[in-house]
Amino acid sequence: MAKRLVPILAMILVIMALYVFMLAVAELPPYGNVDNPAHNYVYEHYVNNALEETGVLNIVTAIILDYRSYDTLIEATVLFTSIMAVLITLKKGEQH
Amino acid sequence: MELTIGAKLLNNYPFLGSLIIFGIGCYTVLSNSNLLKKLLGINIMESSIFLFYVATGNIRGGVPPIVDLAQPEALYINPLPTGLMLTGIVVSISVTGFALALIIKLYRFYGTMDANEIFEIRNEGKNNGSSS
C-alpha cells in the first residue's frame with residue numbers, strides 16, 4: 001500500500017519543485033542576449049586576449065589548459081581519488 | 001513593456017528544457033527502488049545541469065570560440081561555461097564510478113539491488129538479533 005503511494009508522492013513533490021524553479025527561470029536574463037551578466041569583463045578578456053597571451057586558436061582549450069591549468073591538473077587528482085575509492089571498495093580479501 | 005511569465009519561459013526555452021530533464025531525473029531517483037535506476041536518474045540530473053550551464057554561455061548570432069584569423073571581428077560565444085563544464089563532467093564520472101562500485105558491493109553482500117528489499121533484510125537481521 002505504502003509502496004503504491006511512492007510514485008504519486010514523488011510526482012507531486014517534483015512538480016511542486018519544478019514550479020518554483022520555473023518561476024526562477026522566468027526571471028533569468030533572456031537567453032542568447034549579448035548584454036547578459038554572464039558575458040562580463042572575464043568573457044571580454046578571454047575573447048580579446050586569448051590568442052596573444054596563449055597562442056592557442058581554440059579559446060576553450062586556452063582556458064582549460066592555460067588560464068585554468070591548475071584546475072585541469074587537479075582534476076587528475078579527482079579521478080585518482082575516485083579510482084582509489086573504487087579499488088578499496090571492491091577489494092577482495094577480508095570477507096564479512 | 002512587461003512580458004508575461006509564459007513569454008519569458010518560451011524565450012528561455014533551453015533553461016526550461018533543462019528544468020524538464022531535471023524533473024525527469026529527480027522523479028526517476030525518487031520513484032524507483034532499484035539502485036542502478038536511481039544512479040541513472042542522478043546522471044540525467046547531471047546532464048540537465050550541464051545543458052543549463054552551457055546554454056547560459058550562448059549568444060544569438062555568435063560563432064564557436066575558435067579564433068578565425070580571416071574574420072577578426074566575429075562575435076564569439078562565451079567559452080567559459082563550456083570549459084567549466086568539462087570539470088563538472090570529470091566529477092560526474094567519478095561519482096558515477098564510485099556509486100557503481102558501492103552498488104556492486106551491496107549486491108554481493110545482500111544479493112539484491114533493490115533498496116526496499118535491502119531495508120527489509122536489514123530489519124529482519126535487527127529483529128533476529130534482538131530476540132536471540
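Visitor: Among contacts in chain B between residues at least 6 apart in sequence, what share joins residues at least 24 apart?

Guide: The share is 48%. The model is predicted. A pair counts as a contact when the C-beta atoms, placed from the backbone, lie within 7 Å.

Visitor: How do you know how chain B compares with a compact globule?

Guide: Set two radii of gyration side by side. For 132 residues, a compact globule would come near 14 Å. Chain B has 22 Å. The rule is 2.2 Å times the number of residues to the power 0.38, so chain B does not match the globule value. The C-alpha trace of chain B spans about 80 × 40 × 15 Å along its principal axes.

Visitor: What makes a residue of chain B count as buried, and what percentage do buried residues make up?

Guide: The test is 20 or more other C-beta atoms within 10 Å of its own. In chain B, 18% of the 132 residues are buried.

Visitor: Why is the pattern of chain B written α-α-α-α-α?

Guide: A helix is a DSSP run of H or I with at least four residues. Chain B has five helices and zero strands, so the pattern holds α alone.

Visitor: What makes up the contact between chain A and chain B?

Guide: Chain A gives 40 residues and chain B gives 41. On the chain A side, α1 (2-26), α2 (41-54), α3 (59-67) and α4 (69-89) each supply at least two residues. The largest share, twelve residues, comes from α1(A).

Visitor: How many residues of each class are on that side of chain A?

Guide: There are 31 nonpolar, five polar and four charged residues.

Note on methods
Residues numbered from 1 in each chain as written. Chains lettered and ligands numbered in written order. Predicted model: local features only at pLDDT ≥ 70, side-chain atom pairs only at ≥ 80, totals over all residues. Contact = placed C-beta atoms within 7 Å. Nonpolar A, V, L, I, M, F, W, Y, C, P; charged D, E, K, R; others polar. Buried ≥ 20, exposed ≤ 12 C-beta atoms within 10 Å, placed from the backbone.
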